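Work through the two exercises below with the model open. Try each task before reading its solution.

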Amino acid sequence: MNYGCGSTVNPRDLGQNPTVLYVGVGGGMELLQFSYFNRRPGAVIGVDPVARMLDVCDGNLRQAERENNWFKRDFVELRNGDALQLPLEDESVDVAAQNCLFNIFKKELLEVALGEMHRVLKPHGRLVLSDPTSEDLMPESLRNDDRLRALCLSGAMPLQQYIDFITGIGFGTVEVRARRPYRVLAPEQYDTDSVIFIESVEICAIKDPMPADGPCVFTGKHAIYYGEEAYFDDGNGHTLLHNQPLAVCDKTAKALGNLGRKDIYITGSTWFYDGGGCC
Ligand SMILES: C[S@@+](CC[C@H](N)C(=O)[O-])C[C@H]1O[C@@H](n2cnc3c(N)ncnc32)[C@H](O)[C@@H]1O
């Protein structure tokens, strides 16, 4: 019914009646949640290659219509299709989402799947993803176990590598919105010598043009000016008000740190970026 590892539904992305693509429908819970925000026929398009999954999803959406006055089954259109070859036109959706699907893909297929999402998004459109990640070494035997990958366990990769795949496709802005404990793979139950800790992340990748000096990746870092003046202006688009934390992307955090000033404090990553600030 629900086999995601975080949420991809965030009101921040869903103003202005967006057309939403959801790949890997599962039981359909997030399709229903997305349709709450746009409520028009075909506003949410769900794609999945598994006929049985589409049937289950359809049944749940019909039940949702019976039980929710606001919801109409035709708000969601289900399409038989594949993440690797999306049955959608170029630049046709405002928001694209997937939850606990892309981690099953190995490198080449992950690049294809991300490339497809990039293709169908309108300029400045948003790709919202939730997947497991892990900083621990995943043994090859587990990594190549299709069943464990399908269970969203052994395809987990380090978070930075996951972000690199996204920016490598050309998404110019990335927001790491949440990072939470998810699962543990223990030697007693799995073919591993040591405990593997898995987290789940929620990320929004925006189809902004790639800046010449590299992507803007927001991981929750902030800069705080605590000098003698009312504010500090770095002359590069960033104004730090006195003792007011300003969310900055990692690139800007580094550049401000490199100024070597004694009156600017740069925080670490919180992994809970919730908008605002400046790249
Ligand atoms: C782990 S479930 C996640 C379901 C849902 N996103 C959720 O959060 O509950 C993976 C889903 O992706 C679908 N799927 C598997 N391979 C796919 C592919 N190549 N393209 C699109 N969907 C796929 C499965 O049928 C299933 O519905």
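**Exercise 1.** Find which residues aspartate 191 touches, not counting residues up to four places away in sequence. Then decide: is aspartate 191 buried, partly exposed or exposed?

*Solution.*
Step 1. Aspartate 191 touches Pro139, Ser141 and Leu142. Contact means that the C-beta atoms, placed from the backbone, lie within 7 Å.
Step 2. This is a predicted model: local features need pLDDT of at least 70, side-chain atom pairs count only at pLDDT 80 or more, and totals for chains, interfaces and linings use all residues. Residues are numbered from 1 along each chain as its sequence is written.
Step 3. Place aspartate 191 in the loop between strand 6 (173-185) and strand 7 (196-206). Helices (H or I, at least four residues) and strands (E, at least two) are DSSP runs, numbered from the N terminus.
Step 4. Aspartate 191 has 13 other C-beta atoms within 10 Å, so aspartate 191 is partly exposed. The cut-offs are 20 or more for buried, 12 or fewer for exposed, and partly exposed in between, with C-beta atoms placed from the backbone.

**Exercise 2.** Describe the cover and the partners of strand 4 (residues 93-99).

*Solution.*
Step 1. Seven of the seven residues in strand 4 are buried.
Step 2. Strand 1 (residues 20-23) runs parallel to strand 4, joined by four bridges. Pairing takes at least two DSSP bridges. Valine 20 stands opposite valine 95.
Step 3. Strand 5 (residues 121-133) also runs parallel to strand 4, with six bridges. Here alanine 97 stands opposite valine 128.

Conventions:
Contact = placed C-beta atoms within 7 Å.
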